[in-house]
Amino acid sequence: MPEKSELSVEELHARMLKKPLWVVMTRAVAPPEEMKRHLKAHLDHQIRLEKAGIMYGAGPATRPGETAAAFGLIIIRAIDEAEARGIADADPMHASG
């Protein structure tokens, strides 16, 4: 059983980034071979975002019984929609089209 925090709710909230979460849904528009060329840069970028506390989570979403992703899902922290779009657009996979 987890230990109870001795901090108040206010103190716990003060430690958080206090930015809303934004959900970015993506879909493939390029052939799989082209996407594979950008995959390492894409994953390296996402790891940097995660370490910086910007990315909350990400991954491909597949339909039951299928192996190809139906869409990608990225959850990021940003002050507003403009910042969220800028973060999404900076991803090498997205920036490459």
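This report describes helix H2, a nonpolar surface patch and the salt bridges of the structure above.

The model is predicted, and the values below are computed from its atoms. Helix H2 covers residues 32-51, and its 20 residues, at 1.5 Å a residue, should span 28 Å, which agrees with the 28 Å that separates its end C-alpha atoms. Along its course, H2 bends by about 45° at His38. After the helix comes Gly53, a residue with a positive phi near 80°.

Part of H2 is turned away from solvent, since His42, His45, Gln46 and Leu49 are buried. The buried residues of H2 pack against two strands, S2 (55-62) and S3 (69-77), and against two helices, H3 (81-89) and H4 (92-95).

Strand S3 also takes part in a surface feature, for S1 (21-26) and S3 are the elements that give two or more residues to a nonpolar patch. The patch is formed on the surface by Val23, Met25, Phe71 and Leu73, which together have about 350 Å² of accessible area. One of these residues, Met25, lies in strand S1, and Met25 counts as exposed because its relative accessibility of 56% is over the 50% cut-off.

Which charged side chains meet in salt bridges, and how many salt bridges does the structure hold? The structure holds two salt bridges. Side chains of opposite charge can pair when their charged atoms come close. The two pairs are set out here with their N to O distances.

| Salt bridge | Distance, N to O | Helix |
|---|---|---|
| Asp44 and Lys40 | 2.9 Å | H2 |
| Arg85 and Glu81 | 3.0 Å | H3 |

In helix H2, Asp44 and Lys40 are four residues apart, about one turn of the helix. Lys40 counts as exposed because its relative accessibility is 59%, whereas Asp44, with a relative accessible area of 29%, is partly exposed because that value falls between the 20% and 50% cut-offs.

In helix H3, Arg85 and Glu81 are likewise four residues apart, about one turn of the helix. Arg85 counts as exposed, with a relative accessibility of 52%, and Glu81 is partly exposed, with a relative accessible area of 40%.

Helix H2 thus carries a salt bridge between Asp44 and Lys40, while its buried residues, among them His42 and Leu49, pack against elements that include helix H3, where the salt bridge between Arg85 and Glu81 is found.

Conventions: Residues are numbered from 1 along each chain as its sequence is written. This is a predicted model: local features need pLDDT of at least 70, side-chain atom pairs count only at pLDDT 80 or more; totals for chains, interfaces and linings use all residues. Side-chain values use heavy atoms; hydrogens and water are left out. The expected span of a helix is 1.5 Å times one less than its number of residues. The bend at a residue is the angle between axes fitted to the seven residues ending there and the seven starting there. Buried means under 20% relative accessible area, exposed over 50%, partly exposed in between (1.4 Å probe, protein chains only). Contact means heavy atoms within 4.5 Å. Patches are made of residues with over 30% relative accessible area and no salt bridge: like charges are joined within 9 Å, nonpolar side chains (Val, Leu, Ile, Met, Phe, Trp, Tyr) within 5 Å. Accessible areas come from the Shrake-Rupley method with a 1.4 Å probe; for residues, only the protein chains shown count as cover. A salt bridge is a side-chain nitrogen of Lys or Arg within 4 Å of a carboxyl oxygen of Asp or Glu.
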